[in-house]
Amino acid sequence: MRVWLKKEGFQEGDLRSTRSIHPYMHPLGHACYKGELNVCKWLHAHGAAPDITKVNGYIETPMHVTCRSGHLLVCKWLCEVGAAPDITKTSVNGYTPMHFACGWGHLSVCKWLFEVGAAADITKATNDGFTPMF
């Protein structure tokens with residue numbers, strides 16, 4: 001896993017920092033974005049557990065970036081390990097995970113979000129007035 005971190009531009013041995021070529025993303029958030037479930041689990045087990053709900057520089061949680069990328073298994077894992085409240089959390093621009101999943105065409109993630117408590121988010125508008133259905 002350390003090889004993966006280094007390959008992705010993170011510093012050796014630094015499991016939680018954003019001091020890398022990814023100034024707006026911590027390693028766990030980046031692994032979620034890439035859909036690397038095994039890396040996510042390893043990071044979580046080796047000190048990155050507090051980052052499950054940590055926001056990046058855009059005030060997006062790992063759940064936001066995972067829904068945008070469409071990685072359903074990672075979304076489910078995040079929920080299991082403590083990020084369940086993040087399924088309806090808004091980013092700095094008012095985007096929810098449902099906005100990202102719909103906007104990027106990830107139907108399986110949209111259905112899952114709807115089933116686990118984000119049903120009301122299908123009509124929620126961003127700061128610019130966009131709903132997920134837009």
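1. Let's start with T61. Leaving aside its neighbours within four places in sequence, T61 is in contact with T53, K54, V55, D86 and K89. Keep in mind that this is a predicted model. As for where to look, T61 sits in the loop between α3 and α4. Is T61 buried or exposed? Its relative accessibility is 0%, so T61 counts as buried, the cut-off being under 20%.

2. While we're on loops, have a look at D14 too. You'll find D14 in the loop between α1 and α2. Its relative accessibility comes out at 15%, and because the limit for buried is under 20%, D14 counts as buried. Try picking out D14 and A119 together: they are 105 residues apart in sequence, and their C-alpha atoms are 37 Å apart in space.

3. Now for the nonpolar core. The largest one has 30 residues, and the members that touch the most others are L28, L43, M63, L78 and L113. Which helices supply at least two residues each? They are α1 (2–7), α2 (27–34), α3 (37–48), α4 (62–69), α5 (72–83), α6 (97–103) and α7 (107–118). It's worth colouring those helices separately before you read on.

4. L78 deserves a closer look, being one of the core residues that touch the most other members. Setting aside neighbours within four places in sequence, what does L78 contact? The list is C32, I52, P62, M63, T66, A83 and A84. Note that M63 is on that list, and M63 is also among the core members with the most contacts to other members.

5. Next, the pair α2 and α3. Their axes are 9 Å apart and the packing angle is about 165°. An angle over 145 degrees counts as roughly antiparallel, so that is how α2 runs relative to α3. The crossing of α2 past α3 is left-handed. On the α2 side the residues are P27, L28, A31 and C32, and they meet V39, C40, L43 and A48 in α3. What classes do these residues fall into? Eight are nonpolar, with no polar and no charged residues in the contact of α2 with α3.

6. Then compare the pair α4 and α5 for yourself. Here the helices pack at about 165°, and their axes are 9 Å apart. That angle is over 145 degrees, which means α4 is roughly antiparallel to α5. α4 passes α5 in a left-handed crossing. From α4 come P62, M63, T66 and C67, meeting V74, C75, L78, C79 and A83 of α5. By class, the contact of α4 with α5 has eight nonpolar residues, one polar and no charged.

7. Last, check how α2 sits against α4. What is the packing angle of α2 and α4? It is about 20°, and their axes are 7 Å apart. Angles under 35 degrees count as roughly parallel, so α2 is roughly parallel to α4. The α2 and α4 crossing is right-handed. G29, C32 and Y33 of α2 make the contact with P62, V65, T66 and S69 of α4. The contact of α2 with α4 divides into four nonpolar, three polar and no charged residues.

8. One thread to follow on screen: C32. In α2, C32 takes part in the contact with α3, and C32 is listed in the contact of α2 with α4 as well. C32 also turns up among the residues in contact with L78.

Conventions
Residues are numbered from 1 along each chain as its sequence is written. This is a predicted model: local features need pLDDT of at least 70, side-chain atom pairs count only at pLDDT 80 or more; totals for chains, interfaces and linings use all residues. Side-chain values use heavy atoms; hydrogens and water are left out. A nonpolar core is a set of buried Ala, Val, Leu, Ile, Met, Phe, Trp, Tyr and Cys residues joined through side-chain atoms within 4.5 Å. Buried means under 20% relative accessible area, exposed over 50%, partly exposed in between (1.4 Å probe, protein chains only). Helices (H or I, at least four residues) and strands (E, at least two) are DSSP runs, numbered from the N terminus. Contact means heavy atoms within 4.5 Å. Axes are lines fitted to C-alpha atoms, for helices over the stretch in contact, and angles run from 0 to 180 degrees between N-to-C directions. Angles under 35 degrees count as roughly parallel, over 145 as roughly antiparallel, 65 to 115 as roughly perpendicular and the rest as oblique. A crossing is left-handed if the near helix is turned anticlockwise from the far one by less than a right angle, and right-handed if clockwise. Ala, Val, Leu, Ile, Met, Phe, Trp, Tyr, Cys and Pro count as nonpolar, Asp, Glu, Lys and Arg as charged, and the others, Gly among them, as polar.
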